[in-house]
Amino acid sequence: MADTANPFDMDTSGFDAEKYLEKLLKDCSLREIMDTEAAVVKDTQTLHSDMQTLVYENYNKFISATDTIRKMKNDFKQMESDVNLLMNKMQSITSFSEQITGTLQGTRSQLCRLSEKHSLLKRLQFLSTLPAKLKSLIEEQNYAQAVQDYLHAQKVFAQYGRQPSFDGIKRECDQIMGDLKDKLRRDFQRAGNTAQSLTEIGELLLQLDEKTSDLASEMLTCAGKRLHEQIVMLQDQTERDMLEFVDMGIDGFLNDLALVVTSYFDMFVAKHYEQERDDFQENALNELNIFLNQNIDKYLNLVQDRVESDIGYGDTQVMLRALDRLHRRLQAMRNICRGLEVQKNTVDIIIGAAHQLCDAHSKNLRDHFADSLSSVRLSLVSAKSDAATGLNLSELIGNLYVSMVEKIKGVLQDLLIFLRTDWSFNIKAEHRGALCVEGIRENLLIGFLRHISKVMCGFANASSSSPPNLLLVLSKTCLELEQQGVHILIALVDDLYEIDSENSATLTHETEICAEMRETAQSLLDAYVRQQGTNISQMLRKSVETRDWLNCLEPRSVRAVMKRVVEELGGIETVVASLYESSGNAGGFRTTASSDSSRKTYFSNFTASKPQYRSNWSNYTPSQLESSYVSNIHRLFSERVDIFTSVEFTKASIVMGIIKIGLKTLLECVRLRTFSKFGLQQIQVDAHYLQMNLWRFVSDENLVNFLLDEILGSAVHRCLESVLMEPNAVEIICERG
């Protein structure tokens, strides 16, 4: 409002030029006044130019508007005359209409009476032809139209049925519809009806005033028979694959079941019947719920039987696609059947299938493992030489290890199909499903690894007659699993199935399986050492027991059995070296002896608390040798040697364990024999030959020298004439031999 009344604003209606000029002269300098004048002149010219432009642009429009207004004046004058003429004509029509109405007033009431009589005659004609029409419709099996016409006629019968002329028609119609009702009831009870026909017949019987409670019970009974026939038919479809089998069940059984359920619900649960008890709808709903669950249980049991028969033989992906389709269909049925509870679902079948497939895969893994072991044993039997065998052992171990690990990986990948995100089900969301996923880890993977350990450990029993190299292969395989395989497989299953095994108190930890594998590897390696040691021992024992040591000739060479023992140990060392590195050497034989080992008849004795020292049996006199004093002193200050202890996973420890068993056997056999002078000297030569050769196989020859000392000492003790051969002579014989 203030802006509108401002006298100094040129853009408002309250502008006062005199006041504006007076204020401008008072407040502004000459230059500012001149600038203001120039700005006002410029704005005035601009406005004048804009005004001219608008006039030029709208000139034609102004002219056209003027012509239009002039023309409208002429048109309105013509229109006014036309309207006046129309008004006169309407008044004339109105007067004529009033005259006609007055003239036809008596005829109108007569026409109404005639129309009513015509309508009544049509009804009577409908009633007179109704029996014939009903029979015709029934013959054509158009039962729905017949019932509809009959119900329509009931209104007419209710109005005119007391008249004798209509009573006969009514009785005839009632008789016809009574026969139809009996026929429909028989058709309703007949086996083989589809769910659609049951629903249609049920609707007609309800319209014909059939007792609702009886019809409801009978509908479920008849539908149950039909559904049972479909179950029997599905049981014979064994030649179809799982997807076709489920599609047949969905298109036939489940669709019929859904139709029966929805029709029953609409006919007996959703509607209220005055003639029935108040709790009829509640009872009908309970009966429908029982009927629905009984039939779904039958069908799902059939599906479960089919799944169990296909597990391990059919395509798992096809089976799960079928079960996914079935799961979606049952979910849709749950949405349709409001107020009904479907108790069993396909997730239980899927979880059961996962369990069964785990069992099948577990069996396949064990069979594959047994076949792999048989293949390894066959390869070992067909090996030609120790050197070739030694080279083949690494390959056999690699093949056995890789085949087991890859087979397990493949199985874990196959089972992962149950957890695909595009399925409509999620078994991990169920408690039983989560346990099933953990069962894949525990029962399948951990169970199979323990089965491997148990089976391999069985070869280590003393009662088994396993080839030594088989024990070595299995031991190394277990060691590879303990060092790498167990960690790889457990990490894989935890990653694939998103299992938090580290924070679980019920799941088996990796270290437990690794400990079992290492224990099995140790048992197998100890069994290998015992068996090879036993083989060496048998050669030495027979060589001692079958010789007459009291009647020996003077020794001229090393006995062949000693050469054979060294050769056997060399072969064993080659085989073991291909699998285990030596603790002190990179592999192969030792090339230099320690300062304490020499090609003389010296055998060292050592204790835990004293430094090693040499004993030279050839320096003792016969009188000294006859005394047991020296040997007793040796035993007194010698450390006890454990023969059958567990060996380490190194070449030197393994070969040393075999040598200890062989030398211990030789020692015990020597202690049980009696020797002559030449017999003692033969033992001296043999012991020196062993001392010359065995140092190459061990990392510390002191233990070997100690046992050889014991053997020669026992021979001296058991000799009737304890005279040793000169060291130089022994040296010459051993070098020559």
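This is a walk through a predicted model, from the whole chain down to single residues.

Start with the overall build. The chain has 737 residues, and 42% of them count as buried. Its secondary structure comes to 23 helices and two strands. Sequence distance matters when you read the contacts. Take contacts between residues at least 6 apart in sequence: 78% of them join residues at least 24 apart.

Now look at the interior. The largest nonpolar core holds 181 residues. Within this core, Leu257, Tyr299, Phe418 and Tyr528 touch the most other members. Helix 9, residues 242-269, gives the most to this core, with 15 residues. As a general background, nonpolar side chains tend to be buried together in soluble globular proteins.

Leu257 is a good place to zoom in. Leaving aside residues up to four places away in sequence, Leu257 touches Leu227, Phe291, Leu292, Asn295, Ile296 and Met333. Another residue to find is Leu288, which sits in helix 10, residues 280-310. Leu288 counts as buried because its relative accessibility is 0%, below the 20% cut-off. Val260 lies 28 residues away from Leu288 along the chain. The C-alpha atoms of Leu288 and Val260 are separated by 9.5 Å.

Helix 12 offers a polar residue in a buried place. Thr346 is found in this helix, which covers residues 346-381. Is Thr346 buried or exposed? Thr346 is buried, with a relative accessible area of 0%. What does the side chain of Thr346 meet? A polar contact of 2.6 Å joins it to the side chain of His327. Residues touching Thr346 include Leu300, Leu323, Leu326 and Leu330, as well as His327.

Turn next to helix packing. Helix 1, residues 17-27, packs against helix 2, residues 30-57. Their axes are 8 Å apart, and the angle is about 145°. Helix 1 brings Tyr20, Leu24, Leu25 and Asp27 to the contact. Helix 2 brings Glu32, Ile33 and Thr36. By class, the residues of this contact are four nonpolar, one polar and two charged.

A second pair is helix 16, residues 510-545, and helix 20, residues 651-671. Here the axes come within 8 Å and cross at roughly 30°. The crossing is right-handed. From helix 16, the contact residues include Leu525, Tyr528, Val529, Gly533, Ile536, Leu540 and Val544. Arg530 and Arg541 of helix 16 also take part. From helix 20, they include Ile654, Gly657, Ile658, Ile661, Gly662, Leu666 and Val670. The residues of this contact divide into twelve nonpolar, seven polar and two charged. Tyr528 appears here as a contact residue of helix 16, and Tyr528 is also among the core residues that touch the most other members.

Two loops flank helix 16. Glu498 is in the loop between helix 15 (468-496) and helix 16. What is unusual about its backbone? Most residues other than glycine have a negative phi. Glu498 is not a glycine, yet it has a positive phi of about 55°. Glu498 counts as exposed because its relative accessible area of 67% is over 50%.

Trp549 belongs to the loop between helix 16 and helix 17 (560-577). Trp549 counts as buried, with 1% relative accessibility. Its side chain reaches the backbone oxygen of Val544 at 2.9 Å. Val544 is also one of the helix 16 residues in the contact with helix 20. Which residues does Trp549 touch, not counting residues up to four places away in sequence? Among them are Ser543, Val544, Arg559, Arg673, Thr674, Phe675 and Ser676. Gly679, Gln682 and Ile683 are on the list too. Ser676 is 127 residues from Trp549 along the chain, but their C-alpha atoms are separated by 6.2 Å.

Finish at helix 23, residues 727-736, where Glu731 has its place. Glu731 counts as buried because its relative accessibility is 15%, under the 20% cut-off. The side chain of Glu731 makes a polar contact with the side chain of His688, at 3.3 Å. Glu731 and Tyr689 are 42 residues apart along the chain, and their C-alpha atoms are separated by 8.7 Å.

Methods: Residues numbered from 1 in each chain as written. Predicted model: local features only at pLDDT ≥ 70, side-chain atom pairs only at ≥ 80, totals over all residues. Heavy atoms only, no water. Core = buried A, V, L, I, M, F, W, Y, C linked by side-chain atoms within 4.5 Å. Buried < 20%, exposed > 50% of the residue type's maximum accessible area, 1.4 Å probe, protein only. Helix = DSSP H or I, 4+ residues; strand = E, 2+ residues; numbered from the N terminus. Contact = heavy atoms within 4.5 Å. Axes fitted to C-alpha atoms, helices over the stretch in contact; angles between N-to-C directions. Nonpolar A, V, L, I, M, F, W, Y, C, P; charged D, E, K, R; others polar. Left-handed = near helix turned anticlockwise from the far one by under 90°. Polar contact = N/O pair within 3.5 Å; in protein donor to acceptor, adjacent residues only side chain to side chain.
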